[in-house]
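Hi everyone, thanks for coming. I'd like to walk you through one fold today, so let's bring it up on the screen.

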Amino acid sequence: METNFTGKRALVTGAGQGIGRETAKKLAECGAKVVALSRTREHLDSLAAENPSIDVICVDLADWEETRKCVMSLGDVDLLVNNAAVALLEPFLSIEPKNIDRSFDVNVKAVINVSQIIAKGMISRKTGGSIVNISSQASQAALQDHSVYCATKGALDMLSKVMALELGPHKIRVNCVNPTVVMTAMGKIGWSNPEKANPMLKKIPLGRFAEVHEVVDAILFLLSDKADMITGITLPVDGGFLAC
Ligand code: NAP
């Protein structure tokens, strides 16, 4: 399924690595003018070297004011992918307050911050638009040592539904994509140890983790006009994990 995004401007957060990076590249391939926002300069430089049509912007999304300044300077955006997140794993009984703050700042507060600015632009231009928030199977299933991460993704699912409710009248659609494990830098933190990975694999009916391109396809579908009547959903890309 190839979708044409010619004439659209897209912003992808967390586009330095992993799912965000491949989403930015695929959107550019499909004709969108892409802005890739992320935290580590060298990852963005290598993305820009790989595809010079992609504009890059380096900011820590945990910094509310700096992020606001950067995103406000971008101008018109039609498609937004809130993809950046951190996974700070620790047992429930050892959770440190600084990790709660960091996780909610990046995984939830930054989505509100960036989306407010982009949605206000869409509303004032009366163009509508599409927002895809990258959640996780962890929003709906308990995973060992993932209390805070699960809580941020549960919050993101519900935030997205309220955004869909309030922004729908402005023709702005808001949806989540909820992947199972994907072996990116983040995926490796939780799942590279076979003692953890194997029990998880056994709970996935299709018997494997997701590939990055499978998540990217779901994101592009929800961004596209093929999903024009779809808003407020959480779309699992999980091989059936959440069905069981
Ligand atoms: P990843 O490989 O770790 O990439 C995350 C990207 O987000 C990186 O480019 C990172 O920047 C950026 N980022 C993190 N904190 C940031 C901050 N404070 N400010 C700006 N950028 C920041 O992760 P991924 O696996 O692609 O994950 C992408 C999304 O999928 C996340 O929302 C994640 O929760 C979700 N997800 C992942 C999995 C999985 O198993 N991988 C499963 C379900 C859901 P740097 O370049 O500095 O690292």
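Here is something to look for while you rotate the view: which strands does helix 1 (residues 18-29) lie across? Keep in mind that this is a predicted model. Helix 1 lies across strand 1, strand 2 (33-38) and strand 4, and its direction makes an angle of about 170 degrees with strand 1.

Now to the sheet itself. We have an open sheet of 7 strands, paired in parallel, and the order reads 3-2-1-4-5-6-7. At the edges sit strand 3 (55-58) and strand 7 (234-237), each with pairing on one side only. On average, neighbouring strands in this sheet are turned by 20 degrees against each other, ignoring direction.

Let's spend our remaining time on strand 4, residues 79-82. On one side, strand 4 runs parallel to strand 1 (residues 9-13), and 3 bridges join the two. Within that pairing, Ala10 has Leu79 as its bridge partner. Strand 4 is also joined to strand 5 (residues 129-134), again in parallel, by 4 bridges. There, Leu79 stands opposite Ser130.

How does the chain get from strand 4 to strand 5? Helix 4 (residues 97-125) completes a β-α-β unit with these two strands, and the unit is right-handed.

One last question for the room: which residues of strand 4 are buried on each side? Leu79 and Val81 are buried on one side, Leu80 and Asn82 on the other, so to speak a strand with both faces covered. Thanks, and I'm happy to rotate the view for anyone.

Terms used. Residues are numbered from 1 along each chain as its sequence is written. This is a predicted model: local features need pLDDT of at least 70, side-chain atom pairs count only at pLDDT 80 or more; totals for chains, interfaces and linings use all residues. Side-chain values use heavy atoms; hydrogens and water are left out. Two strands pair if DSSP finds at least two bridges between them. Axes are lines fitted to C-alpha atoms, for helices over the stretch in contact, and angles run from 0 to 180 degrees between N-to-C directions. Contact means heavy atoms within 4.5 Å. Buried means under 20% relative accessible area, exposed over 50%, partly exposed in between (1.4 Å probe, protein chains only). A crossover is right-handed if, with the strands pointing away from the viewer, the path from the first strand over the helix to the second runs clockwise.
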